[in-house]
Amino acid sequence: MKLHRFCIHAAALAAMAWVSGCASPRVGDPRIELLPSAARKVAVLSVGYTDARDGARSVQLALRNRTGSYQRVLYKVVWFADGVEYESILSKWKPASLQGREVLDIVETAPNAKLDSFRIQIKGE
């Protein structure tokens, strides 16, 4: 019975490690610009996107507070169409507040369907 429980726990831990590994962005991911002032405060757990039926792209980002205390960072999503940056009123710095060890999910949607790529910038306040 003890061996059976051990196997179940080991399998659960392996599954959690595999899932968390798949959610991590690649080191040097060009879509993420985590400035040094924010790197001490937060970690990027995952980044991805979905395309709506109308073609508009939505970006999902998960940030984790690295510390045990309240942290505040600023982020913005810069959108591109065919490699050219798209200037929009929506491309402004926005605050994100995280309690100690909190994970925060951020979702941003492109201003129009022609925007096909993005870069996320994160800086400390």
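Visitor: Hi! Are K94 and E108 buried or exposed?

Guide: Welcome! Both K94 and E108 are buried. Keep in mind that this is a predicted model.

Visitor: Good to know. And what does K94 form with E108?

Guide: K94 and E108 form a salt bridge, and their closest N and O atoms are 2.8 Å apart.

Visitor: Where in the chain do those two lie?

Guide: K94 belongs to strand β6, residues 94–98, while E108 belongs to strand β7, residues 103–109. The two positions are 14 residues apart in sequence, so the salt bridge ties those parts together.

Visitor: How many salt bridges does the structure hold?

Guide: There are 5 salt bridges in the structure. One of them joins R72 to E125, with 2.7 Å between the closest N and O atoms.

Visitor: Where do R72 and E125 sit?

Guide: R72 is in strand β4, which covers residues 71–81, and E125 is in the segment after β8. This pair links distant parts of the chain, 53 residues apart.

Visitor: Is E125 buried or exposed?

Guide: E125 is exposed, with a relative accessible area of 56%. Its partner R72 counts as partly exposed, at 31% relative accessibility.

Visitor: What about E33, which residue does it form a salt bridge with?

Guide: E33 forms a salt bridge with R119, and the closest N and O atoms are 3.5 Å apart. Here too, distant parts of the chain are linked: E33 is in strand β1 (residues 32–34) and R119 in strand β8 (residues 117–124), 86 residues apart.

Visitor: And how accessible are E33 and R119?

Guide: E33 is partly exposed, its relative accessible area being 29%. R119 also counts as partly exposed, at 23% relative accessibility.

Visitor: Let's zoom out. How many helices and strands are there?

Guide: The protein has 2 helices and 8 strands. Following the sequence, you meet them in the pattern α-β-α-β-β-β-β-β-β-β.

Visitor: Which strands make up the open sheet?

Guide: The open sheet has 3 strands, in the order β2-β3-β7, and the pairing is antiparallel. β2 (42–51) and β7 are the edge strands, each pairing on one side only.

Visitor: By how much are neighbouring strands turned against each other?

Guide: In this sheet the average is 15° between neighbouring strands, with direction ignored.

Visitor: How many bridges join β3 to β7?

Guide: Strand β3, residues 57–65, is joined to β7 by 7 bridges, and the two run antiparallel. If you want a spot to look at, find R64, which stands opposite V103 in β7.

Visitor: New topic: how much of the protein is buried?

Guide: Of the 125 residues in the protein, 33% are buried. As for the surface, the protein exposes about 8,000 Å², and carbon and sulfur atoms supply 59% of that area.

Visitor: What share of the contacts is between residues far along the sequence?

Guide: Taking contacts with a separation of 6 or more, 65% are between residues 24 or more positions apart.

Visitor: Last one: what pLDDT does the protein average?

Guide: The average pLDDT is 84, and 78% of the residues score at least 70.

Visitor: And where does pLDDT stay under 50?

Guide: That happens over residues 1–24. For this stretch the model has 3 contacts beyond four places in sequence.

Technical notes. Residues are numbered from 1 along each chain as its sequence is written. This is a predicted model: local features need pLDDT of at least 70, side-chain atom pairs count only at pLDDT 80 or more; totals for chains, interfaces and linings use all residues. Side-chain values use heavy atoms; hydrogens and water are left out. A salt bridge is a side-chain nitrogen of Lys or Arg within 4 Å of a carboxyl oxygen of Asp or Glu. Helices (H or I, at least four residues) and strands (E, at least two) are DSSP runs, numbered from the N terminus. Buried means under 20% relative accessible area, exposed over 50%, partly exposed in between (1.4 Å probe, protein chains only). Contact means heavy atoms within 4.5 Å. Accessible areas come from the Shrake-Rupley method with a 1.4 Å probe; for residues, only the protein chains shown count as cover. pLDDT is the predictor's confidence in each residue, from 0 to 100. Two strands pair if DSSP finds at least two bridges between them. Axes are lines fitted to C-alpha atoms, for helices over the stretch in contact, and angles run from 0 to 180 degrees between N-to-C directions.
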